[in-house]
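Subject: Structure handover

Hi there,

Here is the structure I promised to pass on to you. Have a look at it first, and my notes follow underneath.

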Amino acid sequence: YIEENDLNVKIKENVSIIQNAGKIRKKYDRMFEKYKLTGDDDEELLKTKQEIDLISRARNLKVTDTQGTSVKESVEDKEFPIQISCEGSLDQIMSFIYYLSESSMLFQVEKVKITPKSARNNKLHAFISLSRIGFPE
């Protein structure tokens with residue numbers, strides 16, 4: 001049973017969405033243009049790894065391994081899952097994650113695991129699981 005007040009609120013929300021459909025579409029179009037994929041899966045995976053390498057070098061973070069797994073494709077987008085192993089200070093690791101979020105590519109960090117590399121120094125080992133998300137043309 002839906003209260004009349006709840007129904008009126010839902011109707012107003014839906015009307016607002018319909019009234020703003022043009023603005024919503026423009027915003028979607030800008031995002032699509034910014035994050036659209038222009039190459040095949042192998043080319044896009046290579047671009048993704050190059051972007052990760054560029055960001056890690058700028059942060060002085062040592063990437064020891066980068067593995068791409070199979071592309072996940074839906075009707076709206078493609079996800080390129082990447083597993084990264086790296087070494088550095090906590091500041092370098094956090095800076096790397098931050099600059100991934102500021103990248104021209106759309107990254108989603110899914111999991112971060114940080115452990116000490118050794119008891120003798122302040123170096124840490126990090127395992128980062130992320131996906132690059134893009135829109136096929």
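A nonpolar patch lies on the surface, formed by Leu-90, Met-94, Val-109, Val-112 and Ile-114, and together these residues have about 380 Å² of accessible area. Please keep in mind that this is a predicted model. Two elements, helix 4 (90–101) and strand 4 (106–116), each give at least two residues to the nonpolar patch. Strand 4 holds the largest share, with 3 residues. One residue of strand 4 is Val-112. Val-112 has a relative accessibility of 36%, so it counts as partly exposed.

Now for the chain as a whole. You will find 4 helices and 5 strands in it. Reading from the N terminus, the order of the elements is α-α-α-β-β-β-α-β-β. How does the radius of gyration of the chain compare with that of a compact globule of 137 residues? The chain has 20 Å, whereas such a globule would have a value near 14 Å. The C-alpha trace spans about 65 × 35 × 25 Å along its principal axes. As for burial, 28% of the 137 residues count as buried. The accessible surface of the chain adds up to about 9500 Å², and carbon and sulfur atoms account for 51% of that. If you look at contacts between residues at least 6 apart in sequence, 63% of them join residues at least 24 apart.

One pair of positions may help when you orient the model. Ser-74 sits in the loop between strand 2 (72–73) and strand 3, and at 32% relative accessibility Ser-74 counts as partly exposed. Ser-74 and Met-94 are 20 residues apart along the chain, and their C-alpha atoms are separated by 30 Å. Met-94 is also one of the residues in the nonpolar patch.

On to the charged side chains. The count of salt bridges comes to 9, and here are a few of them.

- Arg-25 and Asp-29: this salt bridge has its closest N and O atoms 3.3 Å apart. The two residues lie 4 residues apart in helix 2 (residues 21–35), so about one helical turn separates them. Arg-25 is partly exposed, with a relative accessible area of 48%, and Asp-29 is partly exposed too, at 34% relative accessibility.
- Lys-36 and Glu-33: their side chains form a salt bridge with an N to O distance of 3.0 Å. Lys-36 has a relative accessible area of 24% and is therefore partly exposed, while Glu-33 is partly exposed with 47%.
- Arg-132 and Glu-44: the side chains meet in a salt bridge at 2.8 Å, N to O. This pair links distant parts of the chain, with Arg-132 in strand 5 (residues 124–134) and Glu-44 in helix 3 (residues 41–58), 88 residues apart. Are these two residues buried or exposed? Both Arg-132 and Glu-44 are buried.

There is also a network: salt bridges with shared partners join Glu-33, Lys-36 and Glu-137.

Another charged residue to look at is Glu-87, which has its place in strand 3 (residues 78–88). Why does Glu-87 count as buried? Its relative accessibility is 15%, and buried means under 20%. The side chain of Glu-87 makes a polar contact of 3.2 Å with the side chain of Lys-117. Leaving aside residues up to four places away in sequence, Glu-87 touches Leu-61, Lys-62, Thr-64, Lys-117, Leu-124 and His-125.

Last, a note on the backbone. Asn-60 has a phi near 55°, a positive value in a residue other than glycine. For context, most residues other than glycine have a negative phi. Asn-60 is placed in the loop between helix 3 and strand 1 (62–68). With a relative accessibility of 61%, Asn-60 counts as exposed.

That is the tour from my side. Enjoy looking around!

Best wishes

Definitions and conventions
Residues are numbered from 1 along each chain as its sequence is written. This is a predicted model: local features need pLDDT of at least 70, side-chain atom pairs count only at pLDDT 80 or more; totals for chains, interfaces and linings use all residues. Side-chain values use heavy atoms; hydrogens and water are left out. Buried means under 20% relative accessible area, exposed over 50%, partly exposed in between (1.4 Å probe, protein chains only). A polar contact is a pair of N or O atoms within 3.5 Å; within protein, one must be able to donate a hydrogen and the other to accept it, and residues adjacent in sequence count only if both atoms are side-chain atoms. Contact means heavy atoms within 4.5 Å. Patches are made of residues with over 30% relative accessible area and no salt bridge: like charges are joined within 9 Å, nonpolar side chains (Val, Leu, Ile, Met, Phe, Trp, Tyr) within 5 Å. Accessible areas come from the Shrake-Rupley method with a 1.4 Å probe; for residues, only the protein chains shown count as cover. A salt bridge is a side-chain nitrogen of Lys or Arg within 4 Å of a carboxyl oxygen of Asp or Glu. The radius of gyration is taken over C-alpha atoms; the globule rule is 2.2 Å times the number of residues to the power 0.38.
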